[in-house]
Every structure is written in structure tokens, then in C-alpha cells.
Amino acid sequence: MNKWLEKHSRASYIIGYVLSLALTLNAFALAATGASMTEGMAWTLVGLAVLQIAVQVLFFLHIGREERPRWNSMAFVTMIFVVLFIVVGSIWVMNSLNYNMTDHETIETMIQDEGIRH
Amino acid sequence: MSMTANEQMHDNLTVSLGFWIYLMTDCLLFASLFATYAVLTGGTAGSVSGRQIFDIGFVLTETILLLTSSMTSGLAYVEARAGRRNRSLVYLAITIALGASFLVMELSEFSHLVSEGYGWQVSAFLSAFFTLVGTHGLHIASGLIWALTLVVLIMKRGLTHDTTKKLMLFTLFWHFLDVIWICIFTFVYAFGVLS
């Protein structure tokens, strides 16, 4: 295993390529069904993407194989955290905004449409 | 320009760390664009959603082209390290050809969408889509220019310490762009055609 992950080894690129291709084809097969999205399908797609990113990070970018101190790996882990904060945080905040900060007029219209007295 | 082996190693480590940090910050740029896309993906302004305009088979071809070019760029560096100049150049040429085909496919998708009346000005969803995928395409275009200059450089100067180092940085950049593309394939196209 360690030999395949070695930097500058031809085998690491070929193995990484085959694994990535297999994962891509799986994601494609799921997407090509054209079904409507269920939670299970969404998580399967996310799982396939995360696996493929892991494959390429290990076999193509060779993270974690550099000499100590591992500055590259540290920068990489920091980046992952910041990316998660930006993406998950934005989606969370913006969804809550739509829910909590609907403007007054829309709420009035909704109340009228629903026939609620207040 | 004569460095000892030790100096060369130190030089490599510093330069590759610096370039690596650039790539990590570039990831943050893409993270912001992905977040924007995720937030605006429902904002279709009464026009089309992803399901109606994405052709997942077409995108699969693009994905395979880019993935293959990512591998061949790595092989170009493996050959360069082994001092095999011609083989390295052949792999680099294949990388450029595959990357250029990817870019041509992407541009034809864009021009098709615009000609159908689904340009970036139509809705928040389309603006976010063109910005995210277009920024990746712009990176690919710069990578192709970079790779072409490397071909000229290696043909002129051969595989020196300097040109090999430049080739290594290019392969890092190119692998990085493929990782970004996996996210675009999954979160833009696969999620788009299913939702």
C-alpha cells in the first residue's frame, strides 16, 4: 500500500485513475436515472465525491507523504475546516434568513391567504 | 545558478509550500462560489432549473477527459524525474490536448445555453452557475497556457532542476483543478439533474 502511495510513482497515478473513474461512473449511473432526489441518494452522491477527493488527494497530490514537519498537510487540514465553515455556514444562515426574515408584507399576504385573523 | 543538492532541496520545499498555500487559498475562492451557488440554486426567476438544461452524459465525457489529463500530467512528471525528456513531453502534450478538449466542450455548453436564451443575466441560479463553472474554466485556460510554456521551456532547456520544478508545480495545479471539478460534477450537475 505504502509503495503505491509513494511520490513520483507511476503506479500511484494509474491506481488513482482507475479508482476515480470507477467512482465517477457510479455517481453518473445514479444521476442518469433522472429520478427525483431522496435523502439517501444525496448522501450517496456526497459519499462518492468525498471518496474520490480522498483518492485523488492520496494518489495524485500525495498529501501526508512529505517530510516532517508536514506543512502541506497542515495547510490542507486548515483549508478543509475553512471550506466547511464557508459552505455549511452560508447554507445554514441563508436558509434561516429566508425563514426568519420574511418581510412584513409577505407575512400579511400569507396570513390573509390562510384566512387567519389577528 | 549552481546550487548544491542541499540548497536545491530546500529551494524545492520552499517553492512547493508557497505554491501549495496559493492552491489552498484558491480552494477558499471556490468554496465561496460553491456556497453562493448552493444558496442561489433555487432562484430560477421563473426560468429553467438545472434539471432542464444539464446533460449529464455530456458532462461525464468532460469529466473523463479532465480526469485522464490529470493522470497524464502526473505521468509527465514521473518521466521528467527519471530524466526521460521525450516521454515527458509526450505526456505533457496529451495533457494539453485533453485539457483543451475539455475547455472546448465547456465553451460549447456555455454558448449553447446562451443561444437557447439561458444566459447568466436570466436568473440568480444561472449567474451563480456561470460564475462557478466559468471560474473553473478560466483556471483550466490559464493551466493550458502554462503547460504550453513548459513544453517550449523543456524543449529549449531540457530537464534542468528548474524546469522539472516548474513541471511539478504545474501538475499540482492540474490535479487541484480536477478535484474542484469532482465537486462541480457532483454538486452542480448530478444534484442538478436529480432535484
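Helix H4 of chain A, residues 71-100, is a good place to start in this predicted model. H4(A) has 30 residues, and its first and last C-alpha atoms are 42 Å apart, close to the 44 Å expected at 1.5 Å a residue. How many of its residues are buried? The count is two among the 30, and H4(A) is hardly covered.

Let us step back to the chain that carries this helix. Chain A has five helices and zero strands, and along the sequence the pattern reads α-α-α-α-α. Its radius of gyration is 23 Å, well over the 13 Å that the globule rule gives for 118 residues, so chain A is more spread out than a compact globule. The box filled by its C-alpha atoms, taken along the principal axes, is roughly 75 × 40 × 15 Å. Buried residues make up 19% of the 118 residues. Among the contacts in chain A with a separation of 6 or more, 55% join residues 24 or more positions apart. The domain assignment places domain 1 at residues 1-65 and domain 2 at residues 69-118; the C-alpha centres of these two domains lie 29 Å apart.

Now bring in the partner chain. The contact between the chains takes 35 residues from chain A and 34 residues from chain B. On the side of chain B that touches chain A, H1, helix H3 (56-81) and H6 each supply at least two residues. Helix H1(B) gives the largest share of that side, 12 residues. By residue type, the same side of chain B divides into 25 nonpolar, seven polar and two charged residues.

Since H1(B) contributes so much here, follow it along its length. Its 36 residues should span 52 Å at 1.5 Å a residue, and its end C-alpha atoms are 52 Å apart, which agrees. The buried residues of H1(B) include B:Trp20, B:Phe30, B:Phe34 and B:Tyr37. What do the buried residues of H1(B) pack against? They meet H4 of chain A together with H5 and H6 of chain B. One of these residues, B:Phe34, is in contact with A:Val87, B:Leu132, B:Cys183 and B:Phe187, leaving aside its neighbours within four places in sequence.

The partner B:Leu132 leads on to H5(B), where it is one of the buried residues. Helix H5(B), residues 124-157, has 34 residues and reaches 49 Å from its first C-alpha to its last, close to the 50 Å expected at 1.5 Å a residue. Its other buried residues include B:Phe125, B:Phe129, B:His136, B:Gly143 and B:Ile154. The buried residues of H5(B) pack against helix H1 (5-40), helix H4 (85-115) and helix H6 (161-194) of chain B. Just after H5(B), B:Gly158 takes a positive phi of about 75°.

These helices come together again in the largest nonpolar core, which has 72 residues. Within this core, B:Phe34, B:Tyr189 and B:Ala190 have the most contacts. Both chains take part: helix H2 (10-32) and helix H3 (39-59) of chain A, and H1, H3, H4, H5 and H6 of chain B, each give two or more residues. The largest share, 20 residues, comes from H6(B).

For a closer view of the core, look at B:Ala190, which sits in helix H6 of chain B. Is B:Ala190 buried or exposed? There are 29 other C-beta atoms within 10 Å, so B:Ala190 is buried. Not counting residues up to four places away in sequence, B:Ala190 touches A:Ala27, A:Ala31, A:Leu45, B:Ile56 and B:Phe185. B:Ala190 also lies 9.4 Å from B:Val59, C-alpha to C-alpha, although the two are 131 residues apart in sequence.

One of those partners, B:Ile56, belongs to helix H3 of chain B. B:Ile56 counts as buried because it has 20 C-beta neighbours inside 10 Å. Leaving aside neighbours within four places in sequence, B:Ile56 is in contact with A:Phe28, A:Ala31 and A:Ala32 from chain A, and with B:Tyr189, B:Ala190 and B:Val193 from chain B. A further pairing joins distant parts of the sequence: B:Ile56 and B:Gly192 are 136 residues apart along the chain, yet 9.3 Å apart in space, C-alpha to C-alpha.

Methods: Residues are numbered from 1 along each chain as its sequence is written. Chains are lettered from A and ligands numbered from 1 in the order in which they are written. This is a predicted model: local features need pLDDT of at least 70, side-chain atom pairs count only at pLDDT 80 or more; totals for chains, interfaces and linings use all residues. Helices (H or I, at least four residues) and strands (E, at least two) are DSSP runs, numbered from the N terminus. The expected span of a helix is 1.5 Å times one less than its number of residues. A residue is buried if 20 or more other C-beta atoms lie within 10 Å of its own, exposed if 12 or fewer, and partly exposed in between; C-beta atoms are placed from the backbone. Two residues are in contact if their C-beta atoms, placed from the backbone, lie within 7 Å. Domain bounds come from an automatic or database domain assignment. Ala, Val, Leu, Ile, Met, Phe, Trp, Tyr, Cys and Pro count as nonpolar, Asp, Glu, Lys and Arg as charged, and the others, Gly among them, as polar. The radius of gyration is taken over C-alpha atoms; the globule rule is 2.2 Å times the number of residues to the power 0.38. A nonpolar core is a set of buried Ala, Val, Leu, Ile, Met, Phe, Trp, Tyr and Cys residues joined through C-beta atoms within 7 Å.
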